[in-house]
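Visitor: Could you take me on a close look at a single part of this structure, and show me what lies around it? I am in my first year, so please go step by step.

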Amino acid sequence: MQGSGLESHHLIEKRFLDVLKKYLPECEKLTEGQMLATPLNPQAHSVFTEAWRTALPYGDSGQVYTLTEVVDIAQKVYADNPVLLKAVNDWLISLGATIP
């Protein structure tokens with residue numbers, strides 16, 4: 001994507017890799033580079049990233065999120081984009097997650 005003006009957006013943020021590994025045995029050997037990503041323009045990337053950060057903030061509070069929280073937020077973040085919602089849900093299901 002270099003030089004294309006597009007950015008790689010991980011549909012489940014990389015910071016949640018340990019959550020996936022904790023709750024889904026299929027993810028035991030999953031790496032950040034294997035996490036589902038899609039090319040987006042910088043503005044769209046910013047909107048989705050901000051939605052994740054607002055729903056599940058960064059911080060040093062020691063907050064550890066559950067798989068249920070991550071899956072639920074993914075449903076909200078991508079609710080208005082059926083293509084990305086289907087992609088993230090299909091990927092999560094392939095890893096053994098249950099989608100509400």
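Guide: Happily! Let us take helix α3 as our part, and begin with its buried residues: Leu67, Val70, Val71, Ile73, Ala74, Gln75 and Val77. Before going further, please keep in mind that this is a predicted model. What covers these buried residues of α3? The cover includes α1 (17-23), α2 and α4.

Let us look at two residues of the helix in turn, starting with Val71. Helix α3 spans residues 67-77, and Val71 is found in it. The relative accessible area of Val71 is 3%, so this residue is buried. Which residues does Val71 touch, if we set aside its neighbours within four places in sequence? They are Leu92, Thr98, Ile99 and Pro100. You can also look from Val71 towards Arg53, which is 18 residues away along the chain; the C-alpha atoms of these two are 14 Å apart.

Now go along the helix to Gln75, which is also found in α3. Is Gln75 buried or exposed? Its relative accessibility is 17%, and because buried means under 20%, Gln75 counts as buried. Leaving out neighbours within four places in sequence, Gln75 is in contact with Leu85, Asn89, Ile99 and Pro100. Try finding Pro100 in the picture: it is 25 residues from Gln75 along the chain, yet their C-alpha atoms are separated by 8.7 Å. Ile99 and Pro100 also appear among the contacts of Val71, which gives you two landmarks to look for on this part of the helix.

Next comes the meeting of α3 with α2. Two packed helices are described by the angle between their axes and the distance between the axes. Here, α2 covers residues 42-55, and its axis comes within 10 Å of the axis of α3, with a crossing angle of roughly 140°. That angle makes α2 oblique to α3. The crossing of α2 and α3 is right-handed. Who makes the contact? On the α2 side you will find Phe48, Ala51, Trp52 and Ala55, while α3 brings Val70, Ile73, Ala74 and Val77. Sorted by class, this contact between α2 and α3 has eight nonpolar residues, with no polar and no charged ones. As a link back to our starting point, Val70, Ile73, Ala74 and Val77 are among the buried residues of α3.

While we are at α2, have a look at Thr49, which has its place in that helix. With a relative accessibility of 14%, Thr49 counts as buried. Apart from neighbours within four places in sequence, Thr49 is in contact with His9 and Glu13. Follow Glu13 for a moment, as this residue forms a salt bridge with Arg15, in which the closest N and O atoms are 2.4 Å apart. The two partners are not equally accessible: Glu13 is buried, with a relative accessible area of 6%, whereas Arg15 is partly exposed, with 26%.

The structure holds two salt bridges, and the other takes us to α4, which is part of the cover over α3. There, the side chains of Asp90 and Lys86 meet, with 2.6 Å from N to O. Asp90 and Lys86 both lie in α4 (residues 82-94), and they are four residues apart, about one turn of the helix. With a relative accessible area of 40%, Asp90 is partly exposed.

From α4 we can step to Leu36, which is found in the loop between α1 and β2. Leu36 counts as partly exposed, at 26% relative accessibility. Its contacts, leaving aside neighbours within four places in sequence, are His9, His10, Leu11, Ala87, Val88 and Trp91. One of these, Leu11, is 25 residues from Leu36 in sequence, and the two are 6.0 Å apart in space, C-alpha to C-alpha.

Our last stop is Asn41, in the loop between β2 (37-40) and α2. At 35% relative accessibility, Asn41 counts as partly exposed. Not counting residues up to four places away in sequence, Asn41 touches Gly5 and Leu6. Ser8 makes a good last marker: it is 33 residues from Asn41 along the chain, and their C-alpha atoms are separated by 8.7 Å.

To return to where we began, look once more at α3, with α1, α2 and α4 included in what covers its buried residues.

Key
Residues are numbered from 1 along each chain as its sequence is written. This is a predicted model: local features need pLDDT of at least 70, side-chain atom pairs count only at pLDDT 80 or more; totals for chains, interfaces and linings use all residues. Side-chain values use heavy atoms; hydrogens and water are left out. A salt bridge is a side-chain nitrogen of Lys or Arg within 4 Å of a carboxyl oxygen of Asp or Glu. Buried means under 20% relative accessible area, exposed over 50%, partly exposed in between (1.4 Å probe, protein chains only). Helices (H or I, at least four residues) and strands (E, at least two) are DSSP runs, numbered from the N terminus. Contact means heavy atoms within 4.5 Å. Axes are lines fitted to C-alpha atoms, for helices over the stretch in contact, and angles run from 0 to 180 degrees between N-to-C directions. Angles under 35 degrees count as roughly parallel, over 145 as roughly antiparallel, 65 to 115 as roughly perpendicular and the rest as oblique. A crossing is left-handed if the near helix is turned anticlockwise from the far one by less than a right angle, and right-handed if clockwise. Ala, Val, Leu, Ile, Met, Phe, Trp, Tyr, Cys and Pro count as nonpolar, Asp, Glu, Lys and Arg as charged, and the others, Gly among them, as polar.
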